[in-house]
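Here are my notes on the model you sent, written as numbered points. They deal with the ligand and its surroundings, and then with the pockets.

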Amino acid sequence: MEKPTNRILSGVQPSGDLHLGNYLGAIKNFVSLQHKYECFFCVVDLHAITVWQDPATLAQKTREVTAAFIASGIDPKKNTLFVQSQVPQHAQLAWMFSCIARMGWLNRMTQFKDKAGKNSENVSVGLFSYPTLMAADILIYLATHVPVGEDQKQHLELTRDIAQKFNNDFKHELFPIPEPLILGEAKRVMSLRDGTKKMSKSDPSDYSRIMLTDSKENIVQKIKKAKTDPLPLPDSLEDAKARPEALNLLTIFAALNDSDTEEVISNYGGKEFSQFKNDLGELASSKLSPISDEVNKLMSDKVYLDSIIVSGKEKAISVAKPVLDKVFEILGFLHNNIPKN
Ligand code: TYM
């Protein structure tokens, strides 16, 4: 089997509207990586249903994430954009991986602990075994690189452990040990209400995050209201590190502007937040509004969007199926070994 050397897989859940963390931590990086790698980008609806999803909205959100990929600048002709549940090999390989991964490995996953909280007896089994499906998403394409935000790092370490254990147990070098690509200035975008908490879809406060679909006025308003401290902006990175809310806004500015945080500090250090927030509001809306306009346009052309999803599915299956067949063979399943007569 041919082994790719520069293949990317990454996924985004259609579990709500996308926010600035998804854009800066993941999608914006996908756009630049598409020129250097063979890319598979997937809308991970199987992951989304690990917590309750309203069926009517799930289909809509699945198309919206696909549209957001394209609207952000991912070329659907050059890359494979597809929906996870349409490629059955993901769920099949996830089962094999749930027999490879150890309970102790999954018990250490901090994301599960955060999401389950005190309710761990009452969350779905899928939420617990989620990282084995994520490993299958990546390894079914023999992906070598995985661009993600920092919050996914531990899941990628688990993916590497699963690949390694599979290869060792069966004495086969089938799976690559994929490298995380955690890139850009905003690897972990924090809540606008609390600089020590990750920006997330599940935060009850709407003012904690900027959505890709927010209007210009909304974006400006949310940044104006973002929590800061009473001091002027820090004038060194060292100082900024001790002030999480300030650091968060500075890194967001740098990421949106394709510069680095130190450069932003050299322009704004020692100044008042009010001017900086105005500029950041303008910058964010000038970068995000064209994307949300384009998402709206694409959403009104379902025929086009669905044609991308269908061709993505075919391309994805053509790569995933031979890998799963190989796994069956390695495991000793009868599958392809039944004589035809
Ligand atoms: P999800 O859907 O929560 O997020 C999608 C991507 O956005 C990144 N991200 C962030 N980056 C920076 N700051 C934030 N506040 C922030 N919030 C989210 C995530 O790191 C992610 O890259 N388990 C994954 C989806 C997944 C996946 C995969 C990713 C499923 N299979 C295979 C890579 C490879 C998740 O829940 O992402």
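1. In this predicted model, a polar side-chain atom of Asp151 lies 2.4 Å from an oxygen atom of the ligand. Two backbone contacts involve ligand nitrogen instead: a polar backbone atom of Val189 is 2.8 Å from a nitrogen atom of the ligand, and a backbone N or O atom of Met199 lies 3.0 Å from a nitrogen atom of the ligand. Taken alone, the ligand would expose 710 Å², and the protein buries 97% of that area.

2. The shell around the ligand consists of 27 residues, and the closest of them are Gln13, Tyr130, Asp137, Asp151 and Val189. Asp151 and Val189, listed here among the closest residues, therefore deserve to be read together with the polar contacts, for which the cut-off is 3.5 Å between N or O atoms. Sorted by class, the shell holds 11 nonpolar, 10 polar and six charged residues.

3. As to where the ligand sits, the space that it takes is the largest pocket. Strand 1 (7-12), helix 1 (20-33) and helix 7 (125-139) are the elements that give two or more residues to the shell around the ligand.

4. The volume of this largest pocket is about 1200 Å³. Its lining comprises 45 residues, of which Gln111, Lys115, Asp151, Gln152 and Lys198 are the closest to the centre of the pocket. Asp151 thus appears in this list as well as among the residues closest to the ligand.

5. Which elements supply at least two residues each to the lining of the largest pocket? They are strand 1, helix 1, helix 6 (110-116), helix 7, strand 4 (145-147) and helix 8 (153-170). By class, this lining has 14 nonpolar, 19 polar and 12 charged residues.

6. The second largest pocket has a volume of about 230 Å³. Its lining is made up of Glu185, Ala186, Lys187, Arg188, Met190, Gly195, Leu237, Lys241, Pro244, Leu247, Asn248 and Thr251, and by class these are five nonpolar, three polar and four charged residues.

7. Helix 10 (237-241) and helix 11 (244-256) are the elements that give two or more residues to the lining of the second largest pocket. Helix 11 provides the largest share of that lining, with four residues.

How values were computed
Residues are numbered from 1 along each chain as its sequence is written. This is a predicted model: local features need pLDDT of at least 70, side-chain atom pairs count only at pLDDT 80 or more; totals for chains, interfaces and linings use all residues. Side-chain values use heavy atoms; hydrogens and water are left out. A residue is near a molecule or strand if one of its heavy atoms lies within 4 Å of it. A polar contact is a pair of N or O atoms within 3.5 Å; within protein, one must be able to donate a hydrogen and the other to accept it, and residues adjacent in sequence count only if both atoms are side-chain atoms. Accessible areas come from the Shrake-Rupley method with a 1.4 Å probe; for residues, only the protein chains shown count as cover. On a 1 Å grid over the protein atoms alone, a cavity is a set of points where a 1.4 Å probe fits but cannot get out, and a pocket is an open set with protein on both sides within 12 Å along at least five of seven lines; lining residues have an atom within 4 Å of a point. A molecule sits in a cavity or pocket if more than half of its atoms lie within 2 Å of its grid points. Ala, Val, Leu, Ile, Met, Phe, Trp, Tyr, Cys and Pro count as nonpolar, Asp, Glu, Lys and Arg as charged, and the others, Gly among them, as polar. Grid points are joined across faces, edges and corners, and a volume is the space filled by probe spheres set on the points.
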